[in-house]
Amino acid sequence: MMFLMSRNLVWAAGGREESELGRCRVMEQREVGDNLTDAPCGAEAHNGHAGLCESHYKEYLVSRINSHSLDPAQLFNEEEMQRHLARCGRTQPPRAAGEDEATYRNRLFQ
């Protein structure tokens, strides 16, 4: 949420009361026998998630971030960046002698 606030991005964050009976209202297609039917998700809606279940609220937040072309990696500290690079199969370049932290972070983002 801090990431969205730091970018002045508005998002929905109402309570469970926004959904019927505290259940997620997102429509999903489900297989029932040989047919597809549309039905609400129905998972528990959490407080502060705009009447959505956790999974659909995360999808909603990611869509808001993506629609504004924001990059959450800008918030990573050095340790988080190391983990991210490792997940991508890349090795972290060593810090150059005398290189300040800001310059090194910018180089890691590239």
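1. Strands β1 (residues 27-32) and β2 (residues 35-40) run antiparallel and are joined by six bridges. This is a predicted model, and the points below should be read as statements about that model. At one end of the pairing, Val-32 has Asn-35 of β2 as its bridge partner. Met-27 of β1 stands opposite Pro-40 of β2.

2. The two strands form a hairpin, with two residues between β1 and β2. Gly-33 lies in this turn and has a positive phi of about 70 degrees. As for cover, β1 has hardly any: of its six residues, the count of buried ones is zero.

3. Helix α2 covers residues 54-67, which is 14 residues. At 1.5 Å a residue the helix should span 20 Å, and the end C-alpha atoms are 20 Å apart, so the expected and modelled spans agree. The buried residues of α2 are His-56, Tyr-57, Leu-61 and Ile-65. After the helix comes Ser-69, with a positive phi near 50 degrees.

4. The cysteines deserve a separate remark. A disulfide is a covalent bond between the sulfur atoms of two cysteines. With a cut-off of 2.5 Å between sulfur atoms, the count of disulfides in the model is zero. Cys-24 is in no disulfide, and its nearest cysteine sulfur, that of Cys-53, is 3.8 Å away. Cys-41 is likewise in no disulfide; the nearest cysteine sulfur to Cys-41 is also that of Cys-53, at 3.9 Å. Both distances, 3.8 Å for Cys-24 and 3.9 Å for Cys-41, lie outside the 2.5 Å limit.

5. Are Cys-24 and Cys-41 buried or exposed? Buried means under 20% relative accessible area. Cys-24 is buried because its relative accessible area is 2%. Cys-41, at 16% relative accessibility, therefore counts as buried too.

6. Which residues make up the largest nonpolar core? There are seven in all: Cys-24, Cys-41, Ala-50, Leu-52, Cys-53, Tyr-57 and Leu-61. Cys-24, Cys-41 and Cys-53 are thus named both here and in the sulfur distances above. Tyr-57 and Leu-61 are among the buried residues of α2, and they belong to this core. In soluble globular proteins, nonpolar side chains tend to be buried together.

7. A second core, separate from the largest one, has six residues. Among them are Ala-73, Phe-76, Met-81 and Leu-108.

Methods:
Residues numbered from 1 in each chain as written. Predicted model: local features only at pLDDT ≥ 70, side-chain atom pairs only at ≥ 80, totals over all residues. Heavy atoms only, no water. Helix = DSSP H or I, 4+ residues; strand = E, 2+ residues; numbered from the N terminus. Expected span 1.5 Å × (residues − 1). Buried < 20%, exposed > 50% of the residue type's maximum accessible area, 1.4 Å probe, protein only. Pairing = 2+ DSSP bridges. Core = buried A, V, L, I, M, F, W, Y, C linked by side-chain atoms within 4.5 Å.
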